[in-house]
Amino acid sequence: MTELLAATQAWFARIDSDNSKSIDPQELRAEFIRLSLQTSEADNMMTFYDTNGDKILDAKEFAAALIDILDNSIPGFQVFFSSP
Ligand SMILES: [Ca+2]
């Protein structure tokens, strides 16, 4: 679990390209493009996991999203954790 949290934090920092300590829709779309995923999926992820409705994902929401996604074993999403 520690490794999973470290991976989550590292990935969060990589997506957060302006270092604002939050992920905005543009940053999330950019990461999905990098992973050859659809930007519409990025928007869906943002909508679904932005639990406080401020249009960004903070570290807590992001970690909760990944745990939920892995827990549901959505095909394709595990690729995030095998990225360098
Ligand atoms: Ca939010």
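In this predicted model, the mean pLDDT of the protein is 87, and 85% of its residues reach 70 or more. Among the elements, strand 1 has the highest mean pLDDT, 98, while helix 5 (residues 79-82) has the lowest, 53.

**Exercise 1.** Work out how many helices and strands the protein has, and in which order its elements run from the N terminus on.

*Solution.* Begin by counting the elements of each kind, which gives five helices and two strands. Then follow the chain from the N terminus on, and the elements appear in the order α-β-α-α-β-α-α.

**Exercise 2.** Find which residues of helix 2 are buried, and explain why they lie on the same side of the helix.

*Solution.* The first step is to apply the cut-off for a buried residue, namely 20 or more other C-beta atoms within 10 Å of its own. In helix 2, which spans residues 25-34, this picks out E27, L28 and E31. These residues cover an arc of only 100 degrees around the axis, and therefore they sit on the same side of helix 2. As a general background to this step, an α-helix has 3.6 residues a turn, so residues three or four places apart point the same way. Turning to the other side of helix 2, one finds that Q26 and I33 are exposed.

**Exercise 3.** Identify what covers the buried residues of helix 2, and describe the residue S36 that follows this helix.

*Solution.* Looking at the buried side, the covering elements include helix 1 (2-15), strand 1 (22-23) and helix 3 (39-49). Moving on along the chain, helix 2 is followed by S36, whose phi is positive, near 60 degrees.

Key: Residues numbered from 1 in each chain as written. Predicted model: local features only at pLDDT ≥ 70, side-chain atom pairs only at ≥ 80, totals over all residues. Buried ≥ 20, exposed ≤ 12 C-beta atoms within 10 Å, placed from the backbone. Helix = DSSP H or I, 4+ residues; strand = E, 2+ residues; numbered from the N terminus. Arc of directions from axis to C-beta. Contact = placed C-beta atoms within 7 Å. pLDDT = per-residue confidence, 0-100.
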